[in-house]
Amino acid sequence: MIPKIHKQGSKTIGLIRYLYGPGTHEEHVDPHLVAAFDPLAPDPGRDPQATYKQLQQLLDQPVNALPKQRRPDKHVWHLSVRAAPGDPVLSDEDWAAIARRMVAATGIAPDGDETACRWAAIRHADDHTHIIATLVRDDGRRPRRHNEARRAQTECRRIEADYGLRRVTPGDGTAAKRPTSAERHKAERLGQTATSRELLREHVHRALAGAADETEFFDRLTAEGVRIKKRIAPSGDVLGYSVAVPGDRNGNQEPIWFSGSKLAPDLSLPKIRKRFAAVTDMPELPAALERSGASAPVRARHFAAEATDAALASMASDDDTAAAAHLIGAGEVIDALAQTSLGPTQAELRETARHFERATRSHIHAQRKEMYALRRAAHQIVHSGPALGHGQDGAATALVLDIMILTVLAAARWHAARGHAQQAEAAQQAAHHLRTAYQATATAPLAAMRTYGQHLPAQARLRHAHTIRVAIPHLADRLQAEPGRDALTAVLDQAERAGHDTIALLTKAAAQRELGSVDSISDVLIWRLHHLGYITPPATAPRHQPPHSNPVAAPVAGVRQGVPQQQRR
């Protein structure tokens with residue numbers, strides 16, 4: 001149940017005409033009165049003899065009884081109450097009872113108050129009703145409406161419980177403004193996939209992901225094809241900005257501008273500036289990654305994996321300000337991955353970013369310096385260019401997605417523990433799309449690793465099985481039953497060929513965090529080993545690699561695709 005208190009108005013008759021009329025897009029069906037302060041109130045929707053004017057005069061009577069100098073300029077109060085998607089269709093009697101509860105909860109007409117404000121509830125659709133009231137009581141006083149929005153939300157939670165409706169998560173005032181019905185209808189007319197407000201919010205988030213400074217931010221916004229209008233002070237300083245979708249105009253054929261703060265509370269220019277840091281102030285790529293010889297997209301993703309892993313560890317600490325900053329940084333990494341991935345992975349990552357942006361905002365102040373490593377990672381991903389969906393690029397993307405899933409789930413738990421219901425739900429939805437993106441990315445490299453592992457000589461397989469039992473004896477039996485066991489064997493084989501101490505490497509991978517709650521231990525260990533193989537110096541010189549073998553989709557310290565050379569016949 002979703003309540004919305006609209007802006008106060010001055011024309012009672014105008015709102016009545018709208019509520020009983022056909023609607024902007026002929027969406028109003030059978031408008032009629034379901035309840036009112038007076039059971040005998042006229043209903044122009046069902047009574048042919050009743051008029052809009054009669055209902056208006058009845059509601060306005062206490063206002064007009066006051067001397068003109070005491071009448072409020074904006075005396076028309078308007079509340080809409082909407083059922084959540086998937087809720088059953090309620091009867092008129094249900095909506096009448098809900099309307100009475102809402103005017104009582106908000107202070108318009110408290111229970112038992114015979115001189116309260118006058119009101120009427122009008123229904124013109126299956127899923128919602130509108131309540132109109134005038135803000136002068138019958139005794140000439142004003143109603144007490146302190147915290148009316150919060151009280152409306154609280155009453156809706158009780159109504160949901162009483163009627164067995166979907167429990168809508170309460171907000172904390174940090175959510176982005178929802179598009180209006182007029183904006184949604186206009187998007188449909190224009191053939192847009194979303195409203196201009198939503199499209200622009202996504203454009204701004206993409207431009208902000210890893211941007212080092214204001215200049216880069218505005219340059220990337222321009223590259224997104226967005227119209228930009230800057231607010232300039234007499235000194236020449238930029239005070240703010242607004243954006244518009246090309247072709248989206250009002251009735252006067254003027255562009256429809258949205259300021260950053262109208263898109264989301266954290267997208268105003270002053271708040272964006274708090275994220276910016278010179279690239280030289282951000283952490284540099286580890287030397288091992290610079291020396292790895294991998295492509296720029298691969299190096300960027302390995303750095304992102306390292307930064308995300310550190311953020312994940314921080315989520316378990318008691319430092320809420322650091323965790324809040326890491327959520328913002330993780331959101332930028334997701335945005336960066338979404339704009340540099342391809343195909344189905346990109347589509348799912350865009351959905352992930354759309355949901356997770358809600359999880360990046362709360363009333364907990366973010367310690368900005370804690371997000372710099374993740375912002376640096378986002379910067380590297382964006383500037384390294386698109387990543388292919390296969391080969392080393394695909395494997396590196398799967399690596400960072402695997403860690404990001406754990407981070408997003410940790411974010412959901414973190415928010416839930418602090419009563420941030422909307423943010424926790426948003427993180428859960430983001431995790432669902434993130435898992436789908438991971439599956440789209442990881443399937444091919446894991447399949448190549450399994451093929452490699454299945455064709456290793458028996459002696460090599462036994463040696464790697466021994467490594468597993470020595471390094472992680474408590475997980476060896478579970479690993480034996482997992483379908484990813486062969487892929488893990490392949491990774492260990494290539495780590496060994498690269499000169500790594502595989503027992504030490506696997507022990508280190510397993511010790512990074514607990515593994516008992518993950519869906520696939522082998523998958524998690526594969527990607528941890530994959531990353532450690534890049535950033536850990538080998539213990540000995542690499543072994544000679546068989547000639548003519550092809551690079552695997554996901555090399556770990558030299559993993560190769562297909563069947564080992566000595567087994568091909």
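## Getting to know the helices: worked exercises

At 1.5 Å a residue, the 13 residues of helix 6 (residues 196-208) should span 18 Å, and its end C-alpha atoms, 18 Å apart, agree with that. The expected span is 1.5 Å times one less than the number of residues. Helices here are DSSP runs (H or I, at least four residues), numbered from the N terminus.

This is a predicted model, in which local features need pLDDT of at least 70, side-chain atom pairs count only at pLDDT 80 or more, and totals for chains, interfaces and linings use all residues. Residues are numbered from 1 along each chain as its sequence is written, and side-chain values use heavy atoms, with hydrogens and water left out.

**Exercise 1. Decide whether helix 6 is largely enclosed by the rest of the structure.**

- Step 1: Look for buried residues, meaning under 20% relative accessible area (1.4 Å probe, protein chains only). Among them are Ser-196, Leu-199, His-203 and Leu-208.
- Step 2: Use the count. Because 11 of the 13 residues of helix 6 are buried, the helix is largely enclosed.
- Step 3: Look just past the helix, where Gly-210 has a positive phi of about 75°.

**Exercise 2. Describe how helix 1 and helix 2 pack.**

- Step 1: Helix 1 (residues 12-20) and helix 2 (residues 52-64) meet at an angle of about 135°, and their axes are 9 Å apart. Axes are lines fitted to C-alpha atoms over the stretch in contact, and angles run from 0 to 180 degrees between N-to-C directions.
- Step 2: Angles under 35 degrees count as roughly parallel, over 145 as roughly antiparallel, 65 to 115 as roughly perpendicular and the rest as oblique. Helix 1 and helix 2 are therefore oblique.
- Step 3: Helix 1 contributes Thr-12, Ile-13, Ile-16, Arg-17 and Tyr-20 to the contact (heavy atoms within 4.5 Å), while helix 2 contributes residues including Leu-55 and Leu-59.

**Exercise 3. Now do the same for helix 19 and helix 20.**

- Step 1: Helix 19 (residues 485-497) packs against helix 20 (residues 502-511) at about 130°, with axes 10 Å apart.
- Step 2: This pair is therefore oblique too.
- Step 3: Leu-492, Ala-495 and Glu-496 of helix 19 touch Thr-502, Leu-505 and Leu-506 of helix 20.

**Exercise 4. Place Lys-177 in the structure.**

- Step 1: Lys-177 sits in the loop between helix 4 (148-163) and helix 5 (181-190).
- Step 2: With 48% relative accessibility, Lys-177 is partly exposed, a class that runs from 20% to 50%.
- Step 3: Beyond its neighbours within four places in sequence, Lys-177 contacts Arg-197, Arg-201, Lys-262 and Leu-263.

Notes. Helices (H or I, at least four residues) and strands (E, at least two) are DSSP runs, numbered from the N terminus.
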